[in-house]
Amino acid sequence: MGQFADRCDPGRRAWIAEAVRVVEADANRSADTHLHVFPLPAAWGVDLYLKDESVHPTGSLKHRLARSLFLYGLANGWICEGTTIIEASSGSTAVSEAYFARLLGLPFVAVMPASTSPEKIALIEFYGGRCHLVDDPSSIYAESRRLARECGGHFMDQFTYAERATDWRGNNNIAEAIFEQMALERYPEPSWVVVGAGTGGTSATIGRYARYRRFATRVAVVDPEGSAFFDAYERGDTSGTAPGSRIEGIGRPRVEPSFLPSVIDRMIRVPDAASVAGMRWAAEVAGLGVGGSTGTNLWGAALLIAEMVERGERGSVVTLICDGADRYAHTYGSDAWLTQQGLDVAPYLAGLRAFRATGASPTAGSG
Ligand SMILES: *Cc1c(COP(=O)(O)O)cnc(C)c1O
């Protein structure tokens, strides 16, 4: 029996060091994302801000998550030279991870349902990723694990690791960035931060950060139709399942391990037609082309602001632009698609217009 069991490998450590530098350099080349002011009547005494996560190099807030997951995998020694990176994602996470895998010269495979749109597949392949299509959407996790086992690769597993891969105490996470950018506003400590939950990572980071920094800021999570999160939160358990969401990026058919209900102060159910109305309203009022989950955020923010106006409370509300409208031209941007899905956006858009005119809580058909 030897005295030492030695796994030192200077070559491996040097590769990891260089990989960390490359990932950090990507961040270092980027400026912070804008915090836009969303125009509302000044007399209300309630200000709404939109943190624009669509301007990252890969177009969504998943750029931050992909960076964190790569750094977590590198720092844990899970990702080394030549490691194939595998992810179960049909969406923005796969796009952002493909980008970082290419930066590091690593193969990337996205495991996704065969129903995934050709535009998404093209975007992942554009960044050098490979798409592995499976017929049964619920099998993507098991299939990712199997692939990783077979090729000695690393399954990133965003739905498990999103909440812990991000440094919740700071290190320029999204929460710290928001509070720093709010510093010179008339109400620098937001009454509410409104976000959706896909992995749940964003709400976990903001909720933890607010508690850690002893802010009074509350976290509201908006949840679309067909998601398991709202009912699980209301019931206080995490076992339930649901059909799944039509709003890309948020709402899940199961309660994901990264979803942390204990740091969420309120959940808000949002009809899909209200989310699409929110997208249109952002374009109409602020000239911003935003994605569906941003529309969900805006509907939730409007409900909370109406409540503040009604109570005579002053303060600020912050929400996110999660991605841009361009990814959704053939879905939420298409009247034919909306009709086919049975979504009637007009009454909700009228509700948002009436809200902005009067401060009254938006409902379908008000105004
Ligand atoms: C992932 C995602 C979200 C939700 O963020 P999580 O941190 O995963 O909860 C919202 N909108 C879009 C477009 C997303 O891709």
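**View 1. The shell around the ligand.** In this predicted model, 19 residues surround the ligand (C-beta atom, placed from the backbone, within 6 Å of it). The closest are Gly198, Thr202, Gly249, Ser293 and Cys322. Local features here need pLDDT of at least 70 and side-chain atom pairs count only at pLDDT 80 or more, while totals for chains, interfaces and linings use all residues. Residues are numbered from 1 along each chain as its sequence is written. By class, you will find five nonpolar, 12 polar and two charged residues in the shell; Ala, Val, Leu, Ile, Met, Phe, Trp, Tyr, Cys and Pro count as nonpolar, Asp, Glu, Lys and Arg as charged, and the others, Gly among them, as polar.

**View 2. The ligand and the two domains.** Domain 1 (30-60 + 165-358) and domain 2 (62-162) both give residues to the shell, so the ligand lies between them. These bounds come from an automatic or database domain assignment.

**View 3. An open sheet of four strands.** Follow the order β5-β4-β3-β6, where the pairing is parallel; strands are DSSP runs (E, at least two residues) numbered from the N terminus, and two of them pair if DSSP finds at least two bridges between them. β5 (130-134) and β6 (154-155) stand at the edges with a single partner strand each, so one side of each is left without a neighbour in the sheet.

**View 4. Strand β4 beside β5.** Here, five bridges join β4 (residues 108-113) to β5, and the two run parallel. Look for proline 113, which stands opposite valine 134 in β5.
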